[in-house]
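Q: Please take one part of this structure and examine it closely. I would then like to see how that part sits within the rest of the structure.

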Amino acid sequence: MEVELAAKIVGGLKEAGISFVAYLPETRLSQIMPLLREDGSFMVVPVANESEGVSIAAGASLGGRPAAVYMEGSGVYVSSYNLLVLGKRLGVPMLLIVAYYGSVLDKRNTFLYAFPGIHLIPILQSLDIQYEVLDKADSLEDKIKGAVKMMHAIKQPVALLFTGEFTA
Amino acid sequence: MTRSECFEFLAPLIKDQLVIGSLSGQRVEWGSLSRHEGNLLVAAMGAALGVGVGLALVLPHRKVIALESDGSLLLSLYNLPTLGNLNPSNLAVFVFDNEVYSGTRISEPSATAGKTDLAGVARSCGIERATTVRDLESFKREATKALEENVLRFVVCKVDKTTGHRQIQRPNEDLWEHKYRFVRYLERTEGKEIFKGRG
């Protein structure tokens, strides 16, 4: 991903009010990490497992810092139990920043990524988690702001799935 | 030593601390002994410690207490390396380890009935003050230090296998109501808005 795109994502998160990011890095969007760390408005927390990312973000969110979890698409599978019991059943708002690998628009798609990619959206649908697929930088900040507004309105997780231009 | 005896000692000491609990008998017993608005009993295995870490990080001036169990922690051991690295000084973790899976009845032994030493795992993950207590006096000593000192503590409490919680009436409060009570308490005591009605 171009650095300009990473800067737009980070700028969009900041403008939308996100101030806490738990993360387990991957390769497609990882250019956002140094920018998140450099910007003093984010508390950035590395985790060992996406489930843990969801539970820590839940605590941060309930403690008053609008929170996000940055993960690879596979992280949705790994964290699905905590997304269900904390995100949905308890009702905790958080933004899922998901590198949507294995999509039709994933510029690095291979046999490794395609199968998890194919099942990612059905997993989110089965959890009834609202999501938006982003494949271009057009209106990026507005879409991030809209997703954050949605997560606060329904007090549940909302996912942004980054693919296309973001996976170059 | 029973978990209930530990809770009977701990509950009256809770003032403005935040208490995050996990599932099963622990949730029922703590919920019956403590009506503290700063209780958040998430009712899920493997989630309480992470929620406690998140709260401790964003509210560094508040003491946060995570109540875990052996089964719940074994399900989420990935929390320990992160906890060791982050080292939140305002967090105290109590793991009530009865060495068995015991929801509605005493079931199968957990790994801690075998060779697994959870305090040893925690220490190897960098949590320096990780210890195991096996009697009530030791628990009282560790619990008192955990509440008074501003340092990460991880206390594995070896407790008897009991099903006393089955005799306790369940609270008539669903999880969203429970969450709102907790968040409104935090809003009031922290003087800030957390949940905006309009989103």
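A: Gly17(A) is partly exposed, because its relative accessible area is 35%, and that class lies between buried (under 20%) and exposed (over 50%), judged with a 1.4 Å probe and protein chains only. The model is predicted, so local features need pLDDT of at least 70 and side-chain atom pairs count only at pLDDT 80 or more, whereas totals for chains, interfaces and linings use all residues. Residues are numbered from 1 along each chain as its sequence is written, chains are lettered from A and ligands numbered from 1 in the order in which they are written, and side-chain values use heavy atoms, without hydrogens or water.

Gly17(A) belongs to the loop that links α1 (3–16) to β1 (20–23) of chain A; helices (H or I, at least four residues) and strands (E, at least two) are DSSP runs counted from the N terminus. From Gly17(A) to Gly63(A) there are 46 residues in sequence, and the distance in space is 15 Å, C-alpha to C-alpha.

The chain around this loop may be described next. Chain A contains seven helices and six strands, and in sequence order they give the pattern α-β-α-β-α-β-α-α-β-α-β-α-β. Of its 168 residues, 58% are buried. Among the contacts (heavy atoms within 4.5 Å) in chain A between residues at least 6 apart in sequence, 78% join residues at least 24 apart. The radius of gyration of chain A is 14 Å, which agrees with the value near 15 Å for a compact globule of 168 residues; the radius is taken over C-alpha atoms, and the globule rule is 2.2 Å times the number of residues to the power 0.38. Along the principal axes, the C-alpha atoms of chain A fill a box of roughly 40 × 35 × 30 Å.

Towards the end of that pattern, strand β5 (residues 130–134) of chain A runs parallel to strand β6 (residues 157–162) of chain A, and five bridges join the two; strands pair if DSSP finds at least two bridges. One of the residues involved, Tyr131(A), has Ala159(A) as its bridge partner in β6(A). Together with helix α7 (residues 140–154) of chain A, β5(A) and β6(A) form a right-handed β-α-β unit. Right-handed describes a path from first strand over the helix to second that runs clockwise when the strands point away from the viewer.

Chain B can be set beside chain A. Chain B has eight helices and eight strands, and 54% of its 199 residues count as buried. For chain B, 72% of the contacts with a separation of 6 or more come from residues 24 or more positions apart. A compact globule of 199 residues would have a radius of gyration near 16 Å, and the 16 Å of chain B agrees with this. Its C-alpha atoms occupy a box of roughly 50 × 40 × 30 Å along the principal axes.

A parallel pair occurs here too: four bridges connect strand β7 (residues 130–133) of chain B with strand β8 (residues 153–158) of chain B. Thr132(B) is bridged to Val156(B) in β8(B). Helix α7 (residues 136–148) of chain B joins β7(B) and β8(B) in a right-handed β-α-β unit.

The interior comes next. In the largest nonpolar core, which has 69 residues, Leu83(B), Leu91(B) and Phe154(B) touch the most other members; such a core is a set of buried Ala, Val, Leu, Ile, Met, Phe, Trp, Tyr and Cys residues joined through side-chain atoms within 4.5 Å. Its largest share, eight residues, is supplied by helix α3 (residues 48–58) of chain B. Separate from this core is another of 31 residues, including Ile32(A), Phe42(A), Leu140(A) and Phe162(A). Beyond residues up to four places away in sequence, Leu83(B) touches several residues, among them Leu49(B), Val53(B), Leu91(B) and Phe154(B). Helix α3(B) is largely enclosed by the rest of the structure, because 11 of its 11 residues are buried; they include Leu49(B), Val53(B) and Leu57(B).

Two residues of chain B close the account. Ser72(B), in helix α4 (residues 70–75) of chain B, is buried, with a relative accessible area of 0%. Apart from neighbours within four places in sequence, Ser72(B) contacts Ser22(B), Ala44(B), Met45(B), Gly46(B) and Ala47(B). Ile106(B), in strand β6 (residues 106–109) of chain B, counts as partly exposed, with 34% relative accessibility. Its C-alpha atom is 30 Å from that of Val53(B), which is 53 residues away along the chain.
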